[in-house]
Amino acid sequence: MKPSASVSDAAPASAPTYRGSIAASAKPIDPPKPTNVATLSVIAALGLCLIGVYAIDLGESAAPSSLSRTATRQCVYIAVGLIAAIAVVIPSPRLLRRLAWPGFLGCIGLLVFLLVPFVPESIVTPRNGARGWINFGVADFQPAEVTKIAFVLVIAGYLRFRTEHRTFRGLLPLGLVTFVPVALITLQPDLGTSSLFIPALFAMLVAAGARLRHLALIVAMAALAAPAVYPVLKPHQKQRFVALFRQIQGDRTTAYDINFQSFTAQTLVGAGRIEGVPDVKARALVRYSRLPEAHNDMVFAVIVTRFGFAGGLVVLALFGLWVVGALVTAAQSREPQHRLICVGCAGFIVAQMFINVGMTVGLLPIIGITLPFVSFGGSSMLTCWLMTGLVMHAAVRRPRGPMRPSFEFDE
Amino acid sequence: MRRVVPSMFHRRLLLLGAVVALCAAPLAAQLARLTLGQGEQLRAEAESKLQQSRWTPTRRGRILDRQGRVLAVDRPSYDVAVAYPVITSEWAVRRAGSYARRRHREAWPKLSAFERDGLIATYLPAYERHLDEAWERLAEATETDPEVLRQRRERVVASVERAFESIVARRADAERRERIARGSEITAEIEERISELSERPIREQRDPHVLVPRVPDDVSFDVQRLADERVELFPGGPDQAPDTVERAPGLVVMDARDRLYPMDRLVVPVDPSTFPSPIASDRVFEVEVFGVAAHIIGWLSGDHTAEDVERREAILSDRPTLDARVRTPAGVDRGRYRPGDLVGRAGIERSGEPTLRGLRGLRTTRLDTGETLTLESEAGRDIRLTIDAALQARVQALMTPEVGLAQVQPFHHGTAPANPTMPDGTPINGAAVVLHIDTAEILAMVSMPALDRDLLRTDPTVIYEDVINRPAVNRCISVPYQPGSIVKALLVPSARALGHLAAGEAIECTGHYLPDRRDVYRCWIYKRFGVLHQGEGGYGLRAARAIEVSCNIFFYELGKRLGAEGLTKTYEWFGLGEPFGLGVGPEFTGSIGALGTGRLDRSDQIFMGIGQGPVAWTPLHAAEALATLARDGVRLKPRLLLEAPTADPVELDLPRDAIDDALEGLRRSLNESDGTGHHITLPDIGREVIFNAPGLSIWGKTGTATASPLVADLDGDGENERVREGDHSWFVLLAGPEGGGPEYAVAVVMEYAGSGGRVSGPVANQILHALIAEGYLP
């Protein structure tokens, strides 16, 4: 994955029109060859994966003798993810751009397929009531995960040389493009995954120079409209909000019913204290607290039990490192598509991490969402590594010759 | 900013980075709060889940009599309980619901609530039928009438619903008060939230409830086998997938303890050859007595109350050493009340609760290591009573109406007119106390009628509604009786001690106390026979002679001389006004003076000289007073617990020769032919000596005390009738082997039975025979 000078970037196909003036200092100069900061993201991702495999094993078997079945499978997923990451570094940006829309439409097709009634359960097996997986025999595949990649590519490709998103009306097509996968995934229902698209889109819009007051206005309107959504929620979703409010109010009466998962997770998190507990003890604590989804959504609680506050901070720091890698790569890059891909991927990873950790420590309602790189799951792992691969893809391609600055507007 | 970072894109990236950091901050803060702030507590909470603790049963201490005979003991037994949702049949609905969900897994999420209910309804009958069958099987296994079982279920449901309502009300109240205290306004919305909060299910709505208590071993095995059985149910018809359910859902066999009272029912031989001749016979017969010492032993009940819990907490906080002994390392009281625990309700079972109550063991298993830590259970400690159960049973047998002494006999009233409220054959209620003088140990304490434990268990209202006989009342300690003439001997030493009577002083019997009134304050002999008592020299009576013949004039005079102060002192010296503290139920401490005032006018003072007027005590007071006299004026509190430390004796400092005079009077009263306790005169037979046990020295005194009539509205017309009237019959007695001093004090009272000598005398005589039979007297 060495940065290769031979890989060249194609010149933009159409001449862009600038509404604003070019910032004076942003003169196109051939920059000195920077260090490949995407390596930081790769290191962070590998670290998180290692911690994840250990935590999955910890949450599943009582003794550390040999790796549990789930942890072994996770290793396979990581390997697949790595291969996919390498694979995504290779193709040219143009090819990626060409594949973006067909890929996105393909994903939408799969998402629609998931919702088609009368599809036999041998193909679409509901899990926890959600129709999110397609059975491919060897492994289950979650189209919503890969949709994220396609989404990032499509949006990045769309915003590449545009300025319409600087107007309020210009945000509309982006909203429509986002609405389709969000709606389809929400219908599965998988509120967790669907809730990630908006933050990722916003991150890309902010980076692409959309006017902040437009974005703030949208956020304000959404906040005002949010209560109207509440009655439409499913009973179990409502219950989670109620549970969160009671928990924040200090009401412990729900610790054994609707808030069981959250309270158990928090108890385990707290049990880690500063330095965590030894391996065997941690296994026992996780096992007998009957933490649901210990290897999956709740894996962060397992990590903190084992490694304490220190371990929790290390995990957060590794995510920070990944994001730094992605954002600095974006900063170093001159190609607008690369810039937005990095920001979009970071948006997805950060949002997902934030929601997952937030619900584990009791700040957010319980919602089914995995911790990137750490939680068990093939589709999720594949997506996360694809994102890492995309960041690397951006990092290894240096602009040759003068390059117009992108996303530089008068504020 | 623009100058530092000229590129907008880079500024935007910095903005995004800042947002990320800003979002991460609360995560880190909450992480710190949980791990650093609450870590210790949450670690403990998590670790508590590694342990599984199970209580192991314990045994309640025994109650023994002075000879070591077992009066109360635990017997292992089992309670059959059923989970509440099964009792209410809610189980069937839940189970049908989950089956329906399982069977229609694919379609379920798309079904409307109405369609779902319809599906559930199709499967419900199968589960309901299954429950009906389970109840039948349970009735069969426990050998219970199905109808009875059904009624018990209804009772459980009713009581749980009541409890739920009251708890919900209490919770809502507390919640509301807390919110008001926090200063929040109670709006309709908050009110809704409060009721939602308070209506969460209570434990009783999940727990099993005992439906068949105290089943023996073999039944419990059958029930356990039934509880372990599983069957396949075909709710959707025979060709559809079955649901495997318990044969008898929610059935649990629980460890329980049953309390046995092995000496509660006894067959006692009675020898009527020494009875008064009208009812004497040579044929020894057997009497079955029930409720032997039940007033003393008390009883248990199976459902403890909040007061029991509070009482135990209070006892533990009062006694730190006990508190330390009963707690587990985690600080849980091993003797705390749990549902189904037996708790002392009356008598020693109640007052001895802290001693008798056992401590449960605790078996703690570490789930991760499999390590087991066992805290052994500790049986409750035994309590040994001063009561001799065999003597108690004999005395009770004597006072059983069928035996004859305790039912109205023609010879009881002799030539006097019969008591209209107590025709011949009426059972006489009464009480008798036998006290060992030197130790003040109570050997026997019988109150008749006895308490029927079976009735107490099955239909206690019958006991509590019997206002005439009041079987639950222990007459020996809790019913006030005027003492009558039995106090006369006590007045002599106290009058001497207070300087109201000179040594050897004689007082003349004038027949009537007031020279110009022949109709009031009369001597009994003047009233009945129109004659006067003669002193030894022909003139006045000295103290011993006055006691022997029970001269009223002598003691009216003493009463007058002692005055209010002297009389109060006298009665208090001999034990009035202080509780015995026996711990076997309410005690009447004795009273002097018009109720509540304590004031004594001149007439009261004169009457109190002969134990009448505004003074009342109990049979135990009478026995204690006589025992004090026999100890030469040393008071010792009567006691019931053999191993408890004795109370400090109180020296009354009464003149020794006055006590001798009093004892001499008591001796003569039973042993000289002029003595009022010497004989009874029977129609057609003539005089018959009351005490006929050979080889004993005896002292004693009769008493016939006026009693307020007993009124009750028996016919239910709203007005009270006199159901009992007449005098209470007293006899007090001291006895020891011939030639020696007194060893036992006996007091007998027979309610509304008339003459002390005629009714209580023969009972006291038989008590002496019982003491001989049990080896206490030669």
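**Exercise 1. Cis peptide bonds**

Find where P189(A) lies in the chain, and state which kind of peptide bond leads into P189(A) from Q188(A).

*Solution.* Begin with the position: in this predicted model, P189(A) sits in the loop that runs between α5 (171–186) and α6 (191–194) of chain A. Next, look at the bond itself, which goes from Q188(A) to P189(A) and is cis, its omega being near 0°. Then turn to chain B, where M448(B) and P449(B) are joined by a cis peptide bond with an omega of about 5°. P449(B) belongs to the loop between β16 (441–448) and α16 (453–458) of chain B.

**Exercise 2. Positive phi outside glycine**

Locate F373(A) and A440(B), and work out whether each counts as buried or exposed.

*Solution.* First take F373(A), which is found in the loop between α13 and α14 of chain A and has a positive phi of about 70°, although it is not a glycine. The cut-off needed here is that a residue is buried if 20 or more other C-beta atoms lie within 10 Å of its own. F373(A) has 29 C-beta neighbours inside 10 Å, and therefore it counts as buried. Now repeat the steps for A440(B), a residue of the loop between β15 (430–436) and β16 of chain B, which is not a glycine either and has a positive phi of about 60°. Because A440(B) has 23 C-beta neighbours inside 10 Å, it counts as buried.

**Exercise 3. A covered helix**

Compare the span of helix α14 of chain A with the expected value, and decide how many of the residues of α14(A) are buried.

*Solution.* Helix α14 covers residues 378–395 of chain A, which makes 18 residues, and from its first C-alpha to its last it reaches 25 Å, close to the 26 Å expected at 1.5 Å a residue. As for its surroundings, α14(A) is mostly covered, since 18 of its 18 residues are buried.

**Exercise 4. Strands in chain B**

Describe the open sheet that contains β12 of chain B, and then the hairpin made by β21(B) and β22(B).

*Solution.* The open sheet has three strands in the order β1-β12-β13 (chain B), and their pairing is antiparallel. The edges are held by β1 (51–56) and β13 (372–375) of chain B; each has a single partner strand, so one side of each is left without a neighbour in the sheet. Direction ignored, neighbouring strands of this sheet are turned by 15° against each other on average. Looking at one pair, β12 (residues 361–366) of chain B and β13(B) are joined in the antiparallel sense over four bridges, with R363(B) opposite T374(B).

For the hairpin, note that β21 (residues 679–682) and β22 (residues 686–689) of chain B pair in the antiparallel sense over four bridges, and that T681(B) stands opposite R687(B). Three residues lie between the two strands, and D684(B) in the turn has a positive phi of about 70°.

**Exercise 5. Where the chains touch**

How many residues does each chain give to the contact, and which helix gives the largest share on the side of chain A?

*Solution.* The contact takes 47 residues from chain A and 35 residues from chain B. On the side of chain A, the elements that give two or more residues include α7 (197–207), α10 (260–271) and α12 (299–332). The largest share of this side, 10 residues, comes from α12(A). Sorted by class, the side of chain A that touches chain B has 28 nonpolar, 14 polar and five charged residues.

Definitions and conventions
Residues are numbered from 1 along each chain as its sequence is written. Chains are lettered from A and ligands numbered from 1 in the order in which they are written. This is a predicted model: local features need pLDDT of at least 70, side-chain atom pairs count only at pLDDT 80 or more; totals for chains, interfaces and linings use all residues. Two residues are in contact if their C-beta atoms, placed from the backbone, lie within 7 Å. Ala, Val, Leu, Ile, Met, Phe, Trp, Tyr, Cys and Pro count as nonpolar, Asp, Glu, Lys and Arg as charged, and the others, Gly among them, as polar. The expected span of a helix is 1.5 Å times one less than its number of residues. A residue is buried if 20 or more other C-beta atoms lie within 10 Å of its own, exposed if 12 or fewer, and partly exposed in between; C-beta atoms are placed from the backbone. Two strands pair if DSSP finds at least two bridges between them. Axes are lines fitted to C-alpha atoms, for helices over the stretch in contact, and angles run from 0 to 180 degrees between N-to-C directions.
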